[in-house]
Amino acid sequence: MVTDVINTKDLHKVDPVFGQQSFDNHEQVVFCNDKDTGLKAIIGIHNTVLGPALGGTRMWAYQNEWEALNDVLRLSRGMTFKSAITGLNLGGGKAVIIGDAKTQKTSELMKKFGEFVHSLNGKYITAEDVGMTTEDMDTVREVTPYVTGISESIGGAGNPSPITAYGVFMGMKAAAKFKFGSDVLEGKSVFVQGIGNVGEALVEHLVDEGANVTISDISQDRLEEVRTKYGVTIYGGNDIYTESMDIYAPCALGATINDDTIYKLKAAVIAGAANNQLAVEEKHGKILQERGIVYAPDFLINAGGIINVYAELEGYDRKEIMRKTENIYNTTLEILSNAQTHNITTNHAALNIAQNRIETRKKENSK
Ligand SMILES: NC(=O)c1ccc[n+]([C@@H]2O[C@H](COP(=O)([O-])OP(=O)(O)OC[C@H]3O[C@@H](n4cnc5c(N)ncnc54)[C@H](O)[C@@H]3O)[C@@H](O)[C@H]2O)c1
């Protein structure tokens with residue numbers, strides 16, 4: 001039986017890995033357990049045709065293991081297509097650590113996680129994601145070279161989040177150009193949901209350009225901090241999905257565009273950093289298309305971070321990082337136009353390009 005996310009009590013009725021929709025022909029899934037440090041992690045290696053599977057590690061207090069597994073499988077698949085569409089020679093992988101990053105993360109736990117990464121001999125290369133910092137990656141670096149996103153002082157490219165935010169900003173401008181005929185965001189109402197590392201840096205770009213920015217977050221402290229710094233508005237209502245806005249920028253967790261929200265949404269454009277924004281890609285992509293809401297595919301516009309960490313492997317400089325990230329503008333415009341011409345969803349149009357690149361390389365590799 002194939003299924004998507006299901007209730008834990010029904011788990012026995014399904015094949016939990018190969019049988020779920022998130023499992024999209026992953027090459028390898030590794031479960032990591034260490035009693036002494038309390039580490040419980042899952043590494044998902046989706047595809048290594050283009051290169052080693054690179055993707056960040058997320059630490060999150062998942063409700064149950066099923067939710068963690070589902071997340072890592074969806075995220076690692078997304079990384080395959082993100083690197084493919086960005087033209088990087090990387091495959092797709094991702095890791096999740098089950099636990100609360102604020103209370104359960106220790107340097108012993110991070111080192112143990114690093115040892116598991118090391119045991120894969122470079123097939124998977126890690127980096128930071130939600131719940132992780134550059135310092136955590138520096139700790140992982142003590143036990144394995146298969147880590148990126150480390151501090152500049154030890155040869156890394158530093159925190160990727162500002163670059164990710166710049167790429168999202170570029171993608172958002174391209175989507176605005178497509179929808180409104182101009183990429184100037186001055187005067188546009190933009191709702192940034194989640195003002196963490198990426199969200200805050202995005203707010204800064206938007207404020208610099210003169211957009212009317214509203215923010216939301218589950219952390220009251222963050223809200224106050226960002227409001228004080230940039231003079232933006234904190235959302236005071238009950239349901240952001242019913243609010244009128246020009247642009248919705250999801251920068252927290254994924255799947256916020258789902259059966260409950262999609263028909264309420266009043267935004268003209270969706271462009272944000274969160275991975276896997278569409279709960280069910282084809283279904284929700286299609287509804288957005290029918291409703292005339294322009295969706296800038298997440299894995300396309302949030303690639304700045306991976307461009308930044310890839311520099312650590314390839315040795316290119318800051319100028320090249322910015323050039324590649326700026327190019328997200330052109331790729332986004334191309335894909336939005338392509339989707340319109342072929343009457344397919346924007347997500348589908350982006351996936352087609354990514355999949356073609358992988359298939360072509362696969363043929364070359366087998367020669
Ligand atoms: N950091 C990167 O370079 C990068 C790259 C690509 C994609 N992403 C994705 O972008 C998103 C944000 O990443 P980040 O590094 O800024 O993470 P972060 O942990 O720094 O920030 C996430 C923020 O979202 C908030 N949040 C969580 N649940 C929320 C909710 N329901 N409503 C409102 N706010 C909520 C958190 O309190 C936090 O402030 C993630 O989905 C991540 O996977 C990040």
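Helices are runs of at least four residues assigned by DSSP and numbered from the N terminus, and the views below are close-ups of a predicted model.

**View 1. Asn70 in helix α1 and its contact with Ser22.** Asn70 belongs to helix α1, which spans residues 65-86. Its relative accessible area is 8%, and because buried means under 20%, Asn70 counts as buried. The side chain of Asn70 is joined to the side chain of Ser22 by a polar contact of 2.5 Å.

**View 2. The aromatic pair of Phe191 and Tyr235.** The model has five aromatic pairs, and one of them is formed by Phe191 and Tyr235, whose rings meet edge-to-face with 5.2 Å from centre to centre and 65° between the planes. This pair links distant parts of the chain, since Phe191 lies in strand β7 (residues 189-193) while Tyr235 lies in the loop between β9 (233-234) and β10 (247-250), 44 residues apart. Phe191 and Tyr235 are both buried.

**View 3. The aromatic pair of Tyr310 and Tyr316, with Lys324.** Tyr310 and Tyr316 form an edge-to-face aromatic pair, in which the ring centres are 6.0 Å apart and the planes stand at 65°. Tyr310 is buried, with a relative accessible area of 6%, and Tyr316 is likewise buried, with a value of 16%. The ring of Tyr316 also has the charged end of Lys324 sitting over it, 4.7 Å from the ring centre.

**View 4. Lys188 and the ring of Phe180.** Here the charged end of Lys188 is placed over the ring of Phe180, at 4.5 Å from the centre of that ring.

Terms used
Residues are numbered from 1 along each chain as its sequence is written. This is a predicted model: local features need pLDDT of at least 70, side-chain atom pairs count only at pLDDT 80 or more; totals for chains, interfaces and linings use all residues. Side-chain values use heavy atoms; hydrogens and water are left out. Helices (H or I, at least four residues) and strands (E, at least two) are DSSP runs, numbered from the N terminus. Buried means under 20% relative accessible area, exposed over 50%, partly exposed in between (1.4 Å probe, protein chains only). A polar contact is a pair of N or O atoms within 3.5 Å; within protein, one must be able to donate a hydrogen and the other to accept it, and residues adjacent in sequence count only if both atoms are side-chain atoms. Rings of Phe, Tyr and Trp (its six-membered ring) pair if their centres lie within 6.5 Å; planes under 30 degrees apart count as stacked, over 60 as edge-to-face and the rest as tilted. A charge sits over a ring if NZ of Lys or CZ of Arg is within 6 Å of the ring centre and within 35 degrees of the ring normal.
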